[in-house]
Amino acid sequence: MPAARGESGVVERARVAIVVGSDSDLPLMKEAYDLLTSWGVGCRVLVASAHRTPEDAVSFARGAREQGFEVVIACAGLAAHLPGVLAAHTTLPVIAVPRAAGSLGGLDALLSIVQMPPGVPVACVGLDAAKNAALLAASILAVNDAAVRERLESFRREQAAAVREKNARLAGWGMGPAGPGPGAPA
Ligand code: RP5
């Protein structure tokens, strides 16, 4: 079982694997790692390229479930085959993060990922959307994990409160809010 050291310093079971096609993807994906580990979800990171180290990518995917992983997040740019190759070799859910990189600005990565042939799906978040990949991974784990579900619900409550606070500021400026949302004039 893979282990990961969380913020508390306690060694946790790693449930999410974050696989990147290159170390140049790591600064982006650190956001996903940080969010999940701050919620007590153990993560491990692997650099494995579908093109440069295909054997490593396949070997990881084939053994991922036995290693105790429950979700795979895969980030790649350009002709982004990594998420699809991993999905071809595991039945774990694979969440892909296409990079907004290269001369096509990420359209190449996005289309390479979303146009999987029927039978081998990958979930795809937005370009560079590392945070959404982490949140989607948490949603999957939350199906059977009350602690992660509570973290997600609390995150949503805080997010909603921040939006409502923006409406309160509009009111202070005499600009709104428009009805019939919360805080609107009756
Ligand atoms: C992909 O090619 C990687 O995922 C990365 O996004 C992109 C460029 O890789 P480097 O040339 O920076 O190693 O495989």
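**The ligand shell and the helices α5 and α6**

In this predicted model, the ligand is surrounded by G21, S22, S24, D25, S49, A76, G77, L78, R99 and A101. Sorted by class, this shell holds five polar residues, three nonpolar ones and two charged ones.

Further along the chain comes helix α5, which covers residues 130-142. Its 13 residues reach 18 Å from the first C-alpha to the last, close to the 18 Å expected at 1.5 Å a residue. Several positions of α5 are buried, and these are A130, A133, A134, L135, A137, A138 and L141. A general point helps in reading such a list: an α-helix has 3.6 residues a turn, so residues three or four places apart point the same way.

Helix α6 follows, spanning residues 146-172. With 27 residues at 1.5 Å each, α6 should span 39 Å, and because its end C-alpha atoms are indeed 39 Å apart, the two values agree. Helix α6 is hardly covered, as two of its 27 residues are buried. Just after α6 comes G174, whose phi is positive, at about 70°.

How do these helices meet? The axes of α5 and α6 lie 8 Å apart, and the two helices pack at an angle of about 135°. That angle falls short of the cut-off for a roughly antiparallel pair, which is over 145 degrees, and α5 and α6 are therefore oblique to each other. The crossing of α5 past α6 is left-handed.

Definitions and conventions:
Residues numbered from 1 in each chain as written. Predicted model: local features only at pLDDT ≥ 70, side-chain atom pairs only at ≥ 80, totals over all residues. Near = placed C-beta within 6 Å. Nonpolar A, V, L, I, M, F, W, Y, C, P; charged D, E, K, R; others polar. Helix = DSSP H or I, 4+ residues; strand = E, 2+ residues; numbered from the N terminus. Expected span 1.5 Å × (residues − 1). Buried ≥ 20, exposed ≤ 12 C-beta atoms within 10 Å, placed from the backbone. Axes fitted to C-alpha atoms, helices over the stretch in contact; angles between N-to-C directions. Parallel < 35°, antiparallel > 145°, perpendicular 65-115°, else oblique. Left-handed = near helix turned anticlockwise from the far one by under 90°.
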